[in-house]
Structures are given as C-alpha cells and as structure tokens.
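Here are a few notes on the aromatic side chains, jotted down while going through the model. Have a look at the rings with me.

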Amino acid sequence: VIEFFSYGCPHCGELEPFLQGWIKTIPADVAFRRIPVMFQDRWVPLAKIYYTLDALGEEARLSTGVFSALHGKGMSLWQDKTFFDWAASQGLDRKKVEDMYNSFGISGKVNRARLAAQAYQVQSVPLLVVDGKYVTNKVSSHGAMPVVIDALVAKARAERPKG
C-alpha cells in the first residue's frame, strides 16, 4: 500500500488519524509506505521534511505534529528555519536535522518521489495505491478509507496465485 500525500494538503491531514489507526493493524503480508508529492513549490521542502523525519526514525512520532503545525497553528514549515526551529522544539538535534534535510540522500529521495508520482499519474492527494494497480482517493469520508484499503488488499490477495 502506497499513500501519495503532502503535509501541505489539508485532506491528507484529515485522513491522518484514520490512516494511523489502520497502520496499527496492518497484516504481516502488507507493507505500507508514503510518497510525498510536490504539486507546488512550497511542497518540495515539505517532502524533504517527510524524508528527513523518516531517515531520523521520527516520522511515525512527528507526522501528525507536522500536519498540526501547518494546518492547526499556521506555521510555515516550508521555510527551512521555521522547520529547524520546530524540529528542535520537538526534541530533535537541530544540527542533525539540518544535515539530514540538506543531504544528498534526501535530495535523491525527493527526486524518486517525483518520478513515482509521474509514473502513477497522481493528480490529487491523498491517493492510495494497493498492489501497484488499485488506486483510490474517492471515499464517502476519510473514516471510510481503512475499509476501502482492506477491501482492495483482500482483492489483491484473492488474485495472487495459490501455492
């Protein structure tokens, strides 16, 4: 399961609590990963924030806080200094965060994310892809998304060869 998202997308932020609940129940044969999209210039640093937090092992702990800082508190985390200050306020080592954020590795991940979004022809977020072929972003409510994901996972399982 791949979630194409952006911290800059308020709908992604609204989906987050439901997705976090689903992530806690992922079956052993299901992998989940996120790929940030960059539909506008200020979303590029937000993609770097995602990959920085992921590389530092802090994404699970802080993603909800990133959404809250951006959408709830109106913080401009796409500005490097604001993000570094925020990260430090969350208990992270500012120098480690800056070094990771500005690293070649993070730049490479951002570039690969752009290519993945192009390959999947992502036009809107949040967008979830199951088994590389089932794509969904149209649900009656964000709370319905986990049920839809589970149904698509079951469908993908049923199509796999037995044995």
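1. Start with R34: in this predicted model, R34 sits over the face of F5, 5.4 Å from the ring centre. There is another arginine to look at as well, since R42 lies over the face of W78, at 3.9 Å from the ring centre.

2. On to ring against ring. The structure holds 13 aromatic pairs. Take F5 and Y50: their ring centres are 5.4 Å apart and the planes meet at 80°, which is over 60, so I'd call this pair edge-to-face.

3. That pair also ties together distant parts of the chain. F5 belongs to strand 1 (residues 2-5) and Y50 to helix 2 (residues 43-55), with the two positions 45 residues apart in the numbering sense of being 45 residues apart. Buried or exposed, these two? F5 is buried, and Y50 is buried too.

4. Now compare F39 and W43. Their ring centres lie 5.7 Å apart with planes at 35°, so the pair comes out as tilted. The burial is worth a look here: F39 has a relative accessible area of 40% and is therefore partly exposed, while W43, at 9% relative accessibility, counts as buried.

5. Back to F5 for the wider picture. Which residues do ring pairs link into a cluster with F5? They are Y7, Y50, Y51 and F67. So when you click through the cluster, keep R34 on display too, because R34 is the residue lying over the face of F5.

Key. Residues numbered from 1 in each chain as written. Predicted model: local features only at pLDDT ≥ 70, side-chain atom pairs only at ≥ 80, totals over all residues. Heavy atoms only, no water. Phe/Tyr/Trp six-rings, centres within 6.5 Å; stacked < 30°, edge-to-face > 60°. Helix = DSSP H or I, 4+ residues; strand = E, 2+ residues; numbered from the N terminus. Buried < 20%, exposed > 50% of the residue type's maximum accessible area, 1.4 Å probe, protein only. Lys NZ or Arg CZ within 6 Å of the ring centre and 35° of its normal.
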